[in-house]
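User: Please take a close look at one part of this structure for me. I should like to understand the surroundings of a single residue, and then how that part compares with other places in the chain.

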Amino acid sequence: MAMHNPAHPGEVLKELYLDPLGLTTTQAAKGLGISRRAFSNILNGHNRITPDMALRLEKAFGTSRQAWLNMQQNYDLWHAEQEVDLSAVQVFVTTREERIEH
């Protein structure tokens, strides 16, 4: 099943957490213990959600660290699917049944 272009986690963070709470980028960055620039880069989709950031978001907003990391991974994977040329990759195994037979 093909996924549609998923939102960057920074966009979700802004729309679902910062905006409803009336937090500015500066206030949120300070509360998370990171620089305003680093946080702005996340919100604007220029930087990834790292495990470190996922832990900070979990504590600050009562969210799941794993949810943030999964969102980032889904975003990265979708973009990789658009950009990576797999035509030269050899298929070694095609189905689970064939793996069991060999």
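Analyst: This is a predicted model. A view of the whole chain comes before the single residue. In the protein chain, 52% of the contacts with a separation of 6 or more link residues 24 or more positions apart. Such contacts are made within a chain that has 6 helices and 0 strands, and from the N terminus on the order of the elements is α-α-α-α-α-α.

The overall dimensions can be described in two ways. The radius of gyration of the protein chain is 18 Å, whereas a compact globule of 102 residues would have one near 13 Å. Along the principal axes, the C-alpha atoms occupy a box of roughly 60 × 25 × 20 Å. Of the 102 residues, 25% count as buried. The protein chain exposes about 7500 Å², and 53% of this area is supplied by carbon and sulfur atoms. As for charge, there are 10 positive and 12 negative side chains, and the centres of these two sets are 15 Å apart.

The part chosen for the close look is the surroundings of Gln72, a residue of helix H5, which spans residues 65-83. Is Gln72 buried or exposed? Gln72 counts as buried because its relative accessibility is 1%, and the cut-off for buried is under 20%. Once neighbours within four places in sequence are left aside, Gln72 is in contact with His8, Pro9, Arg48 and Ile49. With one of these residues, Ile49, there is also a polar link: the side chain of Gln72 reaches the backbone nitrogen of Ile49 at 2.7 Å.

A second buried place is found in helix H2, residues 25-32, where Ala29 lies. Ala29 has a relative accessibility of 1% and therefore counts as buried. If residues up to four places away in sequence are not counted, Ala29 touches Ile34, Ser35, Arg36 and Phe39. For Phe39, the separation can be stated both in sequence and in space: Ala29 and Phe39 are 10 residues apart along the chain, and their C-alpha atoms are 5.8 Å apart.

Asp85 offers a contrast to these two residues. Asp85 is located in the loop between H5 and helix H6, the latter covering residues 96-101. The relative accessible area of Asp85 is 59%, so Asp85 is exposed, the cut-off for that class being over 50%. The side chain of Asp85 nevertheless has a polar partner, since a polar contact of 2.7 Å joins it to the side chain of Ser87. Between Asp85 and Phe61, which are 24 residues apart along the chain, the C-alpha separation is 38 Å.

In summary, Gln72 in helix H5 is buried and has its side chain directed to the backbone nitrogen of Ile49, while Asp85 is exposed and makes a polar contact with the side chain of Ser87.

Terms used
Residues are numbered from 1 along each chain as its sequence is written. This is a predicted model: local features need pLDDT of at least 70, side-chain atom pairs count only at pLDDT 80 or more; totals for chains, interfaces and linings use all residues. Side-chain values use heavy atoms; hydrogens and water are left out. Helices (H or I, at least four residues) and strands (E, at least two) are DSSP runs, numbered from the N terminus. The radius of gyration is taken over C-alpha atoms; the globule rule is 2.2 Å times the number of residues to the power 0.38. Buried means under 20% relative accessible area, exposed over 50%, partly exposed in between (1.4 Å probe, protein chains only). Contact means heavy atoms within 4.5 Å. Accessible areas come from the Shrake-Rupley method with a 1.4 Å probe; for residues, only the protein chains shown count as cover. Lys and Arg count as positive and Asp and Glu as negative; His and the chain ends are not counted. The place of a charge is taken as NZ of Lys, CZ of Arg, CG of Asp or CD of Glu. A polar contact is a pair of N or O atoms within 3.5 Å; within protein, one must be able to donate a hydrogen and the other to accept it, and residues adjacent in sequence count only if both atoms are side-chain atoms.
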